Amino acid sequence: MAPSFVRELLQLVAFALPIIQPCSAASLYSTYKFDPLEHLGGVAPYFEPQDPPASPASPQGCTTERAVYLSRHAAIYANDYDFEEYIDPFISKLENNTAVDWTKVPALSFLAGWTAPMSDAEQELLTRVGRLEAAQLGVTLSFRYPTLKLPSRVWTSSAERTVKSAESFVRGLELDDNEMNVVSIYESEEAGANSLTPYKSCPAYSSSFGSDQSAVYLEKFTKPIMARLNAMAPGFNFTANDIYGMMELCGYESVIRGSSPFCDTDLFSPDDWLGWEYTADIMYHYNVGYGNQISGVVGLPWFNASANLLMADSTDEQDMFVSFTHRELPPMVFVAMGLFNNSAFGGSEAAINDTMPLDRINYNRVWKSSHVLPFMSNLAIERLNCSDSYGYDDGDYYRVLVNSAPQPLPDCADGPGTSCSRAGFETYVQDRANLFQGYSDKCGVEYDNSTDIYSIYTDSSAGNGTSVGKRYEAFEYGIEE
């Protein structure tokens, strides 16, 4: 019996092997997925990368007593520099080109009927997707902090896109009309540190920082793409800037029209997108990150003021403090706080630039602008009161969230979850202040009445702001009656 059974089994295996062999391990077990919209740096629509995958819920035994938020504005039609440097030149070149029949270029056939999603007049304006992103953040915070008093004021820099983001946020957060006011802070170039755009008042900062370094990797990653596209459509003469602008359109067109043919991975492969992302990461590293010595100096006043606010015994009528700004300030605050530092574990601060080489991608970096700086990117610092939290003393603890992902502070993770004890937090804030204090001096300020202190939260001269108005008005733009 046994030999007969074995013989039958071998026959079955012999029959099945030809069927099984063509199935590769990749097709059976691969879970690889790639979404270009999650690799577009400061052009990415809001998403939550869950990095690290720690729970955003309060740790066991802890409740949030107070929270401070700093948020970038929501999605816009286009940043002025991106539009003028990359997107508009590509659009103009496309509109004026008559040498290519795009219907005969498979990966680019959509260009035969494609039209630009934005105009020069729409630069910097919030899109409808942007208004939805901002309102969604308001709803999210109402669910996250059901026991906190709603804020009576929300602060914003004075640009239209930040103001409209704040207004839409209020509409998502408040329960009834006119419960909250939006306080607009003028984007002055002589406000010192007391501003939501303190980099504009810092002569030592330049918006051009990082351009030279990122241009090196831009040339490297676009070279094979240019060769491929020019072989497909030799009459267009694709340049590095064309490639970069086309890939930016993936993000911008998606937040305008809901999707974009430029996001197709048959047009640009995952490796192409990772090259674009790394180019952006290099720019932000040297512009507002650890590669710029002034970054932490500019970011410290907001962090210091927010920490003091959280540790204060009383904040009068508000439990929640929310401010809106541009893409530059949040990463500068990250530097001041020591977050997303490539050299945090081993390595040397002096060699921080070595972690962002210009000739190859550092895939192990933690400085990823797509994760920390999409549209509507937000940083939160919470004060937690913990009681009967297993293994920890009762008392106040402090926790940081970036886009809902808890971020442990380096050298200060002695509380439940990723939180930090009161004593540890006080020491940590002072240590960071010792590194970066002296805004006016280090910025080389020469104008009168500069200040190193961020006092907008408590300064009555900022005013009480204005109410947003009827609920639907925050969403009225772009909707015909």
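Phe340 is buried, its relative accessible area being 13%. The cut-off that decides this is 20%, under which a residue counts as buried. The model described here is a predicted one. Phe340 belongs to the loop between α10 and α11, the latter spanning residues 369–372. Its backbone deserves attention, since phi of Phe340 is near 55°, a positive value in a residue that is not glycine. Most residues other than glycine have a negative phi, and most peptide bonds are trans.

The helix that precedes this loop, α10, covers residues 329–337 and is mostly covered, with nine of its nine residues buried. The buried residues of α10 are Leu329, Pro330, Pro331, Met332, Val333, Phe334, Val335, Ala336 and Met337. Gly338 follows α10 and has a positive phi, near 80°.

Two further backbone features may be set beside Phe340. Asp411 has a phi near 65°, again a positive value in a residue other than glycine. Asp411 is found in the loop between β7 (405–406) and β8 (420–421). With a relative accessibility of 82%, Asp411 counts as exposed, whereas Phe340 is buried. The other feature concerns a peptide bond: the one from Asp51 to Pro52 is cis, with omega near 0°. Pro52 is placed in the loop between α2 (25–29) and β1.

The account now turns to helix packing. Two packed helices are described by the angle between their axes and the distance between the axes. For helix α6 (residues 211–232) and helix α8 (residues 270–288), the angle is about 165° and the axes are 8 Å apart. Angles over 145 degrees count as roughly antiparallel, and α6 and α8 are therefore roughly antiparallel to each other. Their crossing is left-handed. On the α6 side, the contact with α8 is made by Gln213, Ser214, Tyr217, Leu218, Phe221, Ile225 and Arg228. These residues meet Asp272, Gly275, Trp276, Tyr278, Thr279, Ile282, Met283 and Tyr286 of α8. The residues of this contact between α6 and α8 comprise nine nonpolar, four polar and two charged.

Helix α8 also packs with α7, and here the axes come within 11 Å and cross at roughly 95°. That angle makes α7 roughly perpendicular to α8. Tyr244, Met247, Glu248 and Cys250 of α7 contribute to the contact, together with Asp272, Trp273, Trp276, Thr279 and Ala280 of α8. By class, the residues of the contact of α7 with α8 are six nonpolar, one polar and two charged.

Cys250, part of the contact of α7 with α8, also leads to the disulfides. Cys250 and Cys263 form a disulfide, with their sulfur atoms 2.0 Å apart. The torsion about the S-S bond of Cys250 and Cys263 is about 105°, so this disulfide is right-handed. Cys250 lies in helix α7 (residues 240–257) and Cys263 in the loop between α7 and α8, so the pair ties together parts that are 13 residues apart in sequence. Both Cys250 and Cys263 are buried.

The count of disulfides comes to four. One of them joins Cys62 to Cys386, at an S to S distance of 2.0 Å. With 105° about the S-S bond, the link of Cys62 and Cys386 is right-handed. Cys62 lies in strand β1 (residues 62–72) and Cys386 in strand β5 (residues 378–386), so this pair ties together parts that are 324 residues apart in sequence. Cys62 and Cys386 are both buried. Cys412 and Cys420 form another disulfide, their sulfur atoms 1.6 Å apart. Cys412 is buried, and Cys420 is buried as well. When bonded cysteines are counted along the chain, the disulfides follow the pattern 1-5, 2-8, 3-4, 6-7.

Two loop residues complete the description. Tyr454 is found in the loop between α13 (439–443) and β9 (466–467), and is buried, with a relative accessible area of 5%. Leaving aside neighbours within four places in sequence, Tyr454 is in contact with Ala193, Asn194, Ser195, Leu196, Pro301, Trp302, Ala305 and Ser323. The C-alpha atoms of Tyr454 and Thr156, which are 298 residues apart along the chain, are separated by 14 Å. Thr98 lies in the loop between α3 (80–96) and α4 (128–144). Thr98 is exposed, with a relative accessible area of 78%. The C-alpha atoms of Thr98 and Leu435, 337 residues apart along the chain, are separated by 58 Å.

Definitions and conventions. Residues numbered from 1 in each chain as written. Predicted model: local features only at pLDDT ≥ 70, side-chain atom pairs only at ≥ 80, totals over all residues. Heavy atoms only, no water. Axes fitted to C-alpha atoms, helices over the stretch in contact; angles between N-to-C directions. Helix = DSSP H or I, 4+ residues; strand = E, 2+ residues; numbered from the N terminus. Parallel < 35°, antiparallel > 145°, perpendicular 65-115°, else oblique. Left-handed = near helix turned anticlockwise from the far one by under 90°. Contact = heavy atoms within 4.5 Å. Nonpolar A, V, L, I, M, F, W, Y, C, P; charged D, E, K, R; others polar. Disulfide = S-S within 2.5 Å. Buried < 20%, exposed > 50% of the residue type's maximum accessible area, 1.4 Å probe, protein only.
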